Each structure stands twice: as C-alpha cells, then as structure tokens.
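Here is a walk through one protein model for someone meeting it for the first time. Have a look at the sequence and the structure, and then we'll go through the parts one by one.

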Amino acid sequence: MSTPGQTLLHTGAFALGITLTPEQNEQFSRLYALLLDGNSRLNLTALKTEQDIVLKHFVDSLSCLRGGYLDTPGHVLDLGTGGGFPSLPLAIVRPQLHITPMDATRKKIDFVRETAGALGLNHIRPVTGRAETLGRDAAFREQYDRVVARAVTTLPVLAELALPFLKVGGLLLAQKGALSSGELQAGAQAAAQLGGRVQEIDEFALPVLGDARTLVLVEKVRPTPDRYPRRDGIPNQQPLFWKAKG
Ligand SMILES: C[S@@+](CC[C@H](N)C(=O)[O-])C[C@H]1O[C@@H](n2cnc3c(N)ncnc32)[C@H](O)[C@@H]1O
C-alpha cells in the first residue's frame, strides 16, 4: 500500500475511534496486496482503486465497531463474507474475537482461509455453506454472540438468515448503505417474527468520503421458531413482510 493509502487508512480508522498499531498497519498492507492478487484470479471485488479499497472495504468494514458491540470476547459469525469483509479487517483489530466468516461460494472462502493464514489470523475459522442450511445445523444454530453482515440482501431476508445463528441476548449488526423506511419497517416486522427486536438504527457518514451508511442493530430476545430459516432460496424469493425483487 502506498504512503497516501496508509494515511487514508489511519485517518478513516481514527475517525471510528481506532488507532492502528504498526503491526496492524503491516497486516492491512499485506491484506491489500493479497486482495489485489486474489482479485486478478477470482474477481472478489469490483473496487479497483487504492482509495476505494482502503475506504470502502477496510474502513467501511471497521464501522461495525461503532457502539462498542464487538469490544468484548465472543463468537462472531460473518454471514455472506464474500472476499472476507468485514471478517479480515475486524480480525486484525480485534484479535480477542473468534470469527467465523461464512459464504455460499467456496472459492471466496478458500481465499479468506488462505489470506487469514498468511496474515497470522489464527482466530478465524472460515466455513462454506448457505445460511439456510447451516442455520438448521445444531453446530451453528444459536451458537453466536454476534452476527455481522455487510452488504448482504435486504433487512427482512437478512433477519431470517441471521437470527437463527444468535444466542438469546445476542446481536445482529447489519452494515448497510442508506436504508428506506419501507425496508426498515419490513425488517422490524420480520425480526419480531424471528425472535428479534430492532434495538438501534445508527445512521452515519463513511469517514473521508461521506457516503451514507446505516448500522442496524437487532437484538435476539427469544428463540427463533423452528420453522425458520425456510429452505434454500425461499427467504429471498418470498421475503417476510416484503416484496421480492422483480
Ligand atoms: C454483496 S456480497 C457482500 C460480500 C461482503 N460481505 C462484502 O461486504 O464485501 C454478498 C455475499 O453474500 C453471500 N450470500 C448471499 N446469500 C447467501 C446465503 N443464503 N448463504 C450464504 N452466503 C450468502 C454471497 O455469496 C456473496 O458473497
């Protein structure tokens, strides 16, 4: 990563209240190089410029730390991690978390596993699978203190995919762009059906660029009914309280 890229990373992280150590800085530089290399082979991200990768992937990923809900040790599932976001940046700055990056696409999870190994992030255990299937597996259901999901589907669909993984008392942190009131209302209704309750809507601007972002916090207040999640693809085709995309 260039010196201006490092400055941007520091500025962005600092705006979120995070001061990076020299070792973390080095890990982000290596992550940047590995992402560029992986992208040329695997098409992991549409973002190509250094500024975009630093701000829209690294700093944006770290914005799930707003509010301090990931400051204590615990088990975190990253649902739909793609190329490892937010898992990899989060693992760099929060080594005390046990993080499970999960995605339906094997080649993405292979990249996350190799990259975590290269960065010495031993507290990451990547898993390939669909949320609808793993959410019914006793090894995953109700096993997590936190679920993070960045840029994954609409709020009502995400509520059905994510809430089954949480212990009662756990939190879903949904990282989204600008959110319509319709999506939020449907998401709140879906969450209630699945044992959740919208706790906070945190609207903020992405550091440096100012793009609109929303961090939606949903607390799990009682167990998710056994009939959820529905089978593969159904949450997306027939979202609760929401129209499917045409
Ligand atoms: C738009 S990408 C976002 C990736 C990453 N979170 C990021 O911010 O760069 C959405 C990801 O969710 C995964 N995904 C979508 N539905 C899923 C499901 N039902 N189970 C597991 N992964 C899913 C996709 O494979 C894709 O990698």
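Glutamate 142 sits in the loop between α6 (131-134) and β4. This is a predicted model, and in it the phi of glutamate 142 is near 55°, a positive value in a residue other than glycine. Most residues other than glycine have a negative phi, and most peptide bonds are trans. Is glutamate 142 buried, partly exposed or exposed? It has 17 C-beta neighbours inside 10 Å, so glutamate 142 counts as partly exposed.

Valine 208 also deserves a look. You'll find valine 208 in the loop between β6 and β7, and its phi is positive, about 75°, although valine 208 is not a glycine. Valine 208 counts as partly exposed because it has 14 C-beta neighbours inside 10 Å. The loop belongs to a hairpin: β6 and β7 form it, with six residues between them. The two strands run antiparallel and are joined by nine bridges. To pick out one pair, glycine 196 has lysine 220 in β7 as its bridge partner. Helix α8 (residues 181-193) lies across β6 and β7 (212-220), and it runs at about 150° to β6.

Now for the peptide bonds. Two of them are worth finding: the bond from phenylalanine 85 to proline 86 is cis, with omega near 10°, and the bond from tyrosine 228 to proline 229 is cis too, with omega near 0°. As for where they are, proline 86 lies in the loop between β1 (74-79) and α4 (87-93), while proline 229 is in the loop between β7 and α9 (234-237).

Let's step back to the sheet. In what order do the strands of the open sheet come? There are seven of them, and the order is β3-β2-β1-β4-β5-β7-β6, with mixed pairing. At the edges are β3 (127-128) and β6 (196-205), each of which pairs on one side only. Strands of a sheet pair through backbone hydrogen bonds, either parallel or antiparallel.

Further in, β1 and β2 run parallel, joined by six bridges. Leucine 79 stands opposite methionine 102 in β2. Then there are β4 (residues 144-150) and β5 (residues 166-176), which pair in the parallel sense over six bridges. Here arginine 146 has leucine 171 in β5 as its bridge partner.

Strand β2 (residues 97-103) is mostly covered, with six of its seven residues buried. Methionine 102 is found in strand β2, and methionine 102 counts as buried because 25 C-beta neighbours lie inside 10 Å. Setting aside residues up to four places away in sequence, methionine 102 touches Leu77, Asp78, Leu79, Thr81, Val127, Gly129 and Leu134. Methionine 102 and alanine 149 are 47 residues apart in sequence, and their C-alpha atoms are 9.9 Å apart in space.

Next comes the ligand. Which residues are the closest to it? Of the 16 residues that surround the ligand, the closest are Gly80, Gly82, Ala104, Ala131 and Arg150. Sorted by class, this shell has six nonpolar, five polar and five charged residues. There is also a record to set beside this: in an unreviewed entry, UniProt lists Gly80, Phe85, Asp103, Ala104, Thr105, Ala131, Glu132 and Arg150 under "binding site".

Two of these residues are worth a visit. Glycine 80 has its place in the loop between β1 and α4. Leaving aside its neighbours within four places in sequence, glycine 80 is in contact with Asp103, Ala149 and Val152. Alanine 131 lies in helix α6. Not counting residues up to four places away in sequence, alanine 131 touches Leu79, Leu161 and Pro229. That last contact takes us back to proline 229, the residue that follows the cis bond from tyrosine 228.

To finish, here is how some of the residues from this tour compare in their surroundings.

| Residue | C-beta neighbours inside 10 Å | Counts as |
|---|---|---|
| Glycine 80 | 22 C-beta neighbours | buried |
| Methionine 102 | 25 C-beta neighbours | buried |
| Alanine 131 | 28 C-beta neighbours | buried |
| Glutamate 142 | 17 C-beta neighbours | partly exposed |
| Valine 208 | 14 C-beta neighbours | partly exposed |

Definitions and conventions: Residues numbered from 1 in each chain as written. Predicted model: local features only at pLDDT ≥ 70, side-chain atom pairs only at ≥ 80, totals over all residues. Near = placed C-beta within 6 Å. Nonpolar A, V, L, I, M, F, W, Y, C, P; charged D, E, K, R; others polar. Pairing = 2+ DSSP bridges. Helix = DSSP H or I, 4+ residues; strand = E, 2+ residues; numbered from the N terminus. Contact = placed C-beta atoms within 7 Å. Axes fitted to C-alpha atoms, helices over the stretch in contact; angles between N-to-C directions. Buried ≥ 20, exposed ≤ 12 C-beta atoms within 10 Å, placed from the backbone. UniProt positions renumbered as here; feature names shortened; annotations may be inferred.
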